[in-house]
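Subject: Structure handover

Hello,

Here is the structure I promised to pass on. My notes follow below it.

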Amino acid sequence: SRIRHYKFNVVLKNTTRLCSTKPIVTINGRFPGPTLYAREDDTVLVKVTNHVKYNVSVHWHGVRQLQTGWADGPAYITQCPIPPGQSYVYNFTITGQRGTLLWHAHILWLRATVHGALVILPKRGVPYPFPAPHKEVNVILAEWWKSDTESVINQAMSSGLAPNVSDAHTINGHPGPVANCSSQGGFTLPVESGKTYLLRIINAALNEELFFKIAGHKLTIVEVDATYVKPFKTDTIVIAPGQTTNALITANQKSGKYLVAASPFMDSPIAVDNLTATATLHYSGTLATTSTTLTNPPPQNATQVANNFINSLKSLNSKKFPAKVPLKIDHNLLFTVGLGINPCPTCKAGNGSRVVASVNNVTFVMPTTALLQAHVFNISGVFTTDFPGNPPNTFNFSGGPPANASMATTNGTKLYRLAYNSTVQLVLQDTGTIAPENHPVHLHGYNFYSVGRGVGNYNPKKDPKKFNLVDPVERNTVGVPSGGWAAIRFQADNPGVWFLHCHLEVHTTWGLKMAFLVDNGKGPNESVLPPPSDLPKC
Ligand code: C2O
């Protein structure tokens with residue numbers, strides 16, 4: 001194992017997309033940001049220096065951060081943000097993980113432009129459990145707004161209304177040729193006939209689950225969220241914000257150009273967003289004038305296409321990489337996740353009301369002191385540990401807004417306490433108070449097993465009988481289906497304060513977030529390590 005040093009300078013950079021230019025917050029002037037490479041067991045030190053007017057923090061999404069919550073990154077959860085002019089060194093060791101993850105800003109809406117790939121290679125000399133690819137290519141999907149993204153969300157929060165949807169999706173920073181701004185080409189993926197490539201596909205979009213497909217080629221899925229899966233072939237993948245997917249693609253044509261398409265997956269009836277980002281798979285030796293073989297992206301509400309993909313995901317569950325699903329459960333939790341409407345006298349545009357989001361009817365209030373500090377140093381008055389483990393109100397989700405559910409929310413900075421090493425089953429239930437919505441829910445500090453999912457109300461008597469406890473996919477971000485539920489299991493073997501939230505940034509901003517407090521264990525390696533001396537202060 002090695003120590004790897006990175007310097008991340010947070011700087012503004014004028015960037016042109018869709019024929020207009022705006023200053024964006026970047027790392028080292030790049031959009032998407034630089035790729036961070038490490039091997040399993042390496043220690044990574046990233047010195048982040050803030051040269052912009054915003055407070056910043058950076059999250060290494062999916063890195064377990066065993067005992068090192070101080071390096072996790074969510075502002076006011078595990079650290080105070082880095083103020084303008086200051087630096088902080090994120091110092092963490094990658095233990096027992098290899099694969100593709102992402103890093104991103106974890107404050108305000110800076111993630112829109114502050115994100116990049118985090119590639120963890122296996123230990124030196126250890127092969128992949130699939131044929132070695134000729135080359136590896138990062139494919140980062142994101143969104144682009146013509147206006148400043150901070151003003152987009154500020155405007156939404158003061159009006160009480162939903163924010164504007166993005167003006168384009170992007171593949172490696174580019175929307176691809178767009179009708180009214182055709183001068184800009186898109187990302188080109190050069191391939192040689194007969195060779196196999198590993199695509200490390202990352203959804204860094206703020207608010208959109210996406211379909212991804214390539215004309216004329218099948219994808220063999222080998223890994224998601226930096227965990228190996230049983231390989232399977234597919235035309236289309238579905239990927240939620242925060243998720244990553246590794247796919248092998250064999251260039252089995254002689255020549256030609258083939259369209260690569262990333263398009264929205266959203267089965268909510270209230271949201272419409274038809275923008276498709278495109279790139280080109282380009283065989284070497286193909287003339288620039290050759291026309292591109294096209295492909296039709298699935299319709300936006302192609303739930304069945306998404307389900308087919310998600311249901312195909314299984315842990316590799318080999319001798320080397322066994323699935324270790326907790327079988328005996330200490331905490332049996334059910335969290336409702338959803339949107340609601342609360343009064344807001346100052347929200348003129350919203351007619352005196354605003355959209356809110358909640359988990360078990362609690363709209364999370366961001367503290368002004370970091371929760372991990374408050375926990376470790378016993379600072380009282382920052383949070384309470386009375387987060388409800390089950391819905392406080394009965395709900396009945398039957399395909400439309402639930403008639404008899406009380407979705408009024410209370411505000412609070414409430415945590416749910418877990419004893420070190422206890423086992424957890426958590427069912428996440430969408431409640432479509434306004435309308436059913438997808439929720440890609442991300443848990444910090446852990447991987448979990450996605451043991452079951454379904455539509456309608458979760459049935460605690462019947463549904464667990466159908467759980468996959470043998471080879472369920474292991475991930476860090478699970479898609480709660482629109483108007484349905486997803487069940488996950490994990491063992492609380494990482495002490496600290498760990499954020500759980502919807503990875504649709506707008507839902508997080510509205511309050512769809514909470515945190516687990518995991519106690520220290522009694523053993524020598526079972527406590528949160530002391531904080532680094534340069535930890536920013538609030
Ligand atoms: Cu990728 Cu808390 O986020």
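Leaving aside its neighbours within four places in sequence, which residues is Ala515 in contact with? The model is a predicted one, and in it Ala515 contacts Ile77, Leu371, Leu415, Val497, Trp498, Phe499 and Leu500.

I started there because Ala515 and Leu141 touch the most other members of the largest nonpolar core, which has 148 residues. Strand S18 supplies the largest share of this core, with 6 residues. As general background, nonpolar side chains tend to be buried together in soluble globular proteins.

Overall figures

The protein contains 4 helices and 33 strands. Its radius of gyration is 22 Å, close to the 24 Å that the globule rule gives for 538 residues, so the protein is as compact as a globular protein of that length. Along the principal axes, the C-alpha atoms fill a box of roughly 65 × 55 × 55 Å. Buried residues make up 50% of the 538. If one takes the contacts between residues at least 6 apart in sequence, 77% of them join residues at least 24 apart.

Domains

The domain assignment divides the protein into domain 1 (1-127), domain 2 (130-315) and domain 3 (331-518). The centres of domain 1 and domain 2, taken over C-alpha atoms, are 22 Å apart. Between these two domains, 26 residues of domain 1 are in contact with 30 residues of domain 2. On the domain 1 side, at least two residues each come from strand S2 (20-27), strand S7 (99-105) and strand S8 (115-121). S7 gives the most, with 5 residues. Sorted by class, that side of domain 1 has 13 nonpolar, 9 polar and 4 charged residues.

Helix H2

Helix H2 covers residues 303-312, and its buried residues are Val305, Ala306 and Phe309. These lie on the same side of H2, because they cover an arc of only 100° around the axis. What do the buried residues of H2 pack against? Their partners are four strands: S13 (209-214), S15 (227-234), S16 (236-239) and S18 (257-265). S18 is also the strand named above for its 6 residues in the largest nonpolar core. The face of H2 turned away from the buried side carries Gln304 and Asn311, which are exposed.

That is what I have on this model.

Regards

Terms used: Residues are numbered from 1 along each chain as its sequence is written. This is a predicted model: local features need pLDDT of at least 70, side-chain atom pairs count only at pLDDT 80 or more; totals for chains, interfaces and linings use all residues. Domain bounds come from an automatic or database domain assignment. Two residues are in contact if their C-beta atoms, placed from the backbone, lie within 7 Å. Ala, Val, Leu, Ile, Met, Phe, Trp, Tyr, Cys and Pro count as nonpolar, Asp, Glu, Lys and Arg as charged, and the others, Gly among them, as polar. A residue is buried if 20 or more other C-beta atoms lie within 10 Å of its own, exposed if 12 or fewer, and partly exposed in between; C-beta atoms are placed from the backbone. The arc is that of the directions from the helix axis to the C-beta atoms. A nonpolar core is a set of buried Ala, Val, Leu, Ile, Met, Phe, Trp, Tyr and Cys residues joined through C-beta atoms within 7 Å. The radius of gyration is taken over C-alpha atoms; the globule rule is 2.2 Å times the number of residues to the power 0.38.
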